[in-house]
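These are my notebook entries on a single structure. I set down what I looked up, entry by entry.

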Amino acid sequence: MTAVWDKLILLLTQNLQIYQALLRLSQKKREVLVAVNPQDLEQLTKQEEMLIIEAGKLEKLRQTLTGELAAALGLPPGQTALAVLIEQAEAETAAKLRTISETFTGVTAELVELNAVNEKLIKQSLDYINYNINILSQSTAEPTYAPKGQPDTGRAGKSMFDAKA
């Protein structure tokens, strides 16, 4: 049974390392967003995707392992939460699992905060880009079709992109 607990600790530690790497990438992403560097942003996003895929694989393994552990301990199938398993573990194992759990909580809280900031930065960048596109094209939102019986008046203003043939 000790081997299963050790495997769980190893699995959770690996998952924690991935989340810590995601946290570092989110911090870099904030810097890249502030610096408005799309190439670096694309590279960071690809790295994030790879880490998220790996975290998903580890999560499936964790679910399988905690299910097996719960069955071995005589717990119902739904009782696979880490807090429930910690109560069933020996003191030393429980202490390791608590430490991992607390670290996970801190990392995920930081990730949530950073992601919210990054989301705002991305929205501001998109708003700025859309504003500049509208200024450059001098476009206004006009209906595509004219009401029945009325001719389509076309565009009200000219754009710097207008060209005559």
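**Entry 1. The E92 and K96 pair.** I began with E92, which counts as exposed because its relative accessibility is 58%, over the 50% cut-off. I note at the outset that the model is predicted. I then looked up the partner of E92 and found that its side chain meets that of K96 in a salt bridge, at 3.7 Å from N to O. K96 has a relative accessible area of 39%, so I recorded it as partly exposed. Both residues belong to helix α4, and because they are four residues apart there, about one helical turn separates them.

**Entry 2. Other salt bridges.** How many salt bridges does the structure hold? I found five. One of them joins the side chains of E48 and K29, with 2.6 Å from N to O. This pair links distant parts of the chain, since E48 lies in helix α2 and K29 in helix α1, 19 residues apart. Are the two residues buried or exposed? E48 has a relative accessible area of 11%, which is under the 20% limit, so it is buried. K29 is buried as well, with a relative accessible area of 12%.

I also looked up K46, which forms a salt bridge with E42; their closest N and O atoms are 3.6 Å apart. K46 and E42 are four residues apart in helix α2, so the separation is about one helical turn. E42 counts as partly exposed, at 48% relative accessibility. As background to this entry, I note that side chains of opposite charge can pair when their charged atoms come close.

**Entry 3. Helix α1 and its end.** I checked the length of helix α1, which covers residues 2-35. At 1.5 Å a residue, its 34 residues should span 50 Å, and its end C-alpha atoms are 50 Å apart, so the expectation and the model agree. After α1 comes V36, and I noted that its phi is positive, near 50 degrees.

**Entry 4. The largest pocket.** V36 appeared again when I turned to the largest pocket, where it is among the lining residues closest to the centre. For this search I kept in mind that rolling a probe the size of a water molecule over the atoms shows where empty space is left. The largest pocket holds about 300 Å³ of space. Its lining consists of 13 residues, and those closest to its centre are L33, V36, L41, S125 and I129. Which helices each supply at least two residues of this lining? I listed α1, α2 (38-73) and α4. The largest share, five residues, comes from α4.

**Entry 5. A nonpolar patch.** I129, recorded above for the pocket, also belongs to a nonpolar surface patch. I122, L126, Y128, I129 and I133 make this patch, and its area is about 480 Å². I looked up I133 separately and placed it in helix α4, which runs over residues 91-137. At 47% relative accessibility, I133 counts as partly exposed, because this value lies between the 20% and 50% limits.

**Entry 6. A contact across the sequence.** My last query concerned S101, another residue of helix α4. S101 counts as partly exposed, at 26% relative accessibility. How far apart are the C-alpha atoms of S101 and L16? I recorded a separation of 9.0 Å, although their positions lie 85 residues apart along the chain as an offset.

Technical notes
Residues numbered from 1 in each chain as written. Predicted model: local features only at pLDDT ≥ 70, side-chain atom pairs only at ≥ 80, totals over all residues. Heavy atoms only, no water. Patch = residues over 30% accessible without salt bridge, like charges linked within 9 Å, V, L, I, M, F, W, Y side chains within 5 Å. Areas by Shrake-Rupley, 256 points an atom, 1.4 Å probe, with all protein chains shown as cover. Salt bridge = Lys/Arg side-chain N within 4 Å of Asp/Glu carboxyl O. Buried < 20%, exposed > 50% of the residue type's maximum accessible area, 1.4 Å probe, protein only. Expected span 1.5 Å × (residues − 1). 1 Å grid on protein atoms, 1.4 Å probe; cavity = no way out; pocket = protein on both sides within 12 Å on 5 of 7 lines; lining within 4 Å. Points joined across faces, edges and corners; volume = space filled by probe spheres on them.
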